[in-house]
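Subject: Structure for your review

Dear colleague,

Please find the structure below, handed over for your reference. The notes that follow it set out what was found.

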Amino acid sequence: MATKDYYEILGVSKNASSEQLKKAYRNLARKHHPDVDKSADASEKFKEINEAYQVLSDSQKKSAYDQYGHAAFAPGGGFGPSAGSGQGQGGFRTYTWSSGGGPQGANFDFDFGGFSDPFDIFEMVFGERSPFGQSTRRVPRYVLNLDFMEAVHGVEKQIDIDGKRQKVKIPAGVDSGSEIKFSNFAIICQVSAHPRLARRGWDIVSEKEISFSQAALGTVCEIETIDGDVKIRIPAGTQPGTQIRLRGKGVPHVSGHGRGDHYVIIRIKVPNKLSREQKRLLEELEELS
């Protein structure tokens with residue numbers, strides 16, 4: 001049994017709600033699934049994430065873990081391997097599958113530690129039911145790299161699927177981890193960062209540096225947005241860290257209804273060196289204030 005704290009694995013607090021636990025689990029499971037994450041320790045991370053969620057999402061196991069920690073799941077602890085047998089709740093369960101998206105069809109083995117049936121993650125990760133339920137056809141997943149503007153505005157891409165060139169349409173508003181399902185395959189988006197614009201959900205955040213005199217007297221500045229440059233008025237007396245909201249200038253919702261906002265954070269540049277005249281004028285201003 002892993003000794004790393006389950007709350008730390010999922011990145012949640014001990015007071016996290018079931019919805020918060022589920023959201024954290026889904027995000028991490030998608031990120032570290034071996035069909036997506038090609039790092040050497042991806043399978044180990046995936047096992048840790050699943051193990052942590054299976055404990056914390058079960059009220060009895062969570063209570064035992066909160067009280068006794070990992071000792072509650074050691075042999076004789078009530079939830080460990082000796083608490084059951086074979087494939088039962090306390091037993092040991094391994095699932096092996098061939099990863100179509102992995103290098104040369106690599107196989108990955110996952111030990112789910114005898115918790116609740118792990119195959120329900122198929123629907124979450126692969127968009128289909130467990131292969132141990134009704135017969136379903138797995139569809140391959142492909143990671144598609146997009147630049148920042150392609151993701152926020154949408155784009156058409158030519159990609160190779162099973163040796164065939166196909167055109168796919170990516171809707172506006174996707175982000176890293178967004179999954180787009182087609183008839184016989186699915187795409188997971190990986191979006192690169194922008195050098196000057198940052199995304200915060202559906203909102204865009206950027207910074208604008210102005211001089212001390214511009215902040216004191218007010219000015220009109222040109223601001224870069226995802227729709228091009230726009231001019232905004234910065235009022236006199238603007239303080240450092242002030243956020244100016246550009247309503248409706250953020251990321252389009254994937255649903256096609258509505259957009260986020262753009263927030264401009266004002267930074268004030270303080271000169272490192274002053275001329276004699278500049279210093280004199282500032283001293284006079286200080287005396288008058």
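Helices α3 and α4 are roughly perpendicular to each other, because their angle of about 100° falls within the range of 65 to 115 that counts as such. Please note that this is a predicted model.

In the sequence, α3 covers residues 42–56 and α4 covers residues 59–68. Where the two helices pack, their axes are 6 Å apart. On the α3 side the contact is made by Q54, V55 and L56, while α4 contributes K61, K62 and Y65. Sorted by class, this contact has three nonpolar residues, two charged residues and one polar residue.

The second finding concerns the largest pocket, which holds about 430 Å³ of space. Its lining consists of K23, N27, R30, K31, V36, S176, G177, S178, I188, C189 and Q190. Two elements, α2 (18–32) and β7 (186–191), each give two or more residues to this lining. Helix α2 provides the largest share, with four residues. By class, five of the lining residues are polar, three are nonpolar and three are charged.

Where does the largest pocket lie with respect to domain 1 and domain 2? Residues from both domain 1 (1–75) and domain 2 (141–191) line the largest pocket, so it lies between the two domains.

Yours sincerely

Key:
Residues are numbered from 1 along each chain as its sequence is written. This is a predicted model: local features need pLDDT of at least 70, side-chain atom pairs count only at pLDDT 80 or more; totals for chains, interfaces and linings use all residues. Side-chain values use heavy atoms; hydrogens and water are left out. On a 1 Å grid over the protein atoms alone, a cavity is a set of points where a 1.4 Å probe fits but cannot get out, and a pocket is an open set with protein on both sides within 12 Å along at least five of seven lines; lining residues have an atom within 4 Å of a point. Grid points are joined across faces, edges and corners, and a volume is the space filled by probe spheres set on the points. Ala, Val, Leu, Ile, Met, Phe, Trp, Tyr, Cys and Pro count as nonpolar, Asp, Glu, Lys and Arg as charged, and the others, Gly among them, as polar. Domain bounds come from an automatic or database domain assignment. Axes are lines fitted to C-alpha atoms, for helices over the stretch in contact, and angles run from 0 to 180 degrees between N-to-C directions. Angles under 35 degrees count as roughly parallel, over 145 as roughly antiparallel, 65 to 115 as roughly perpendicular and the rest as oblique. Contact means heavy atoms within 4.5 Å.
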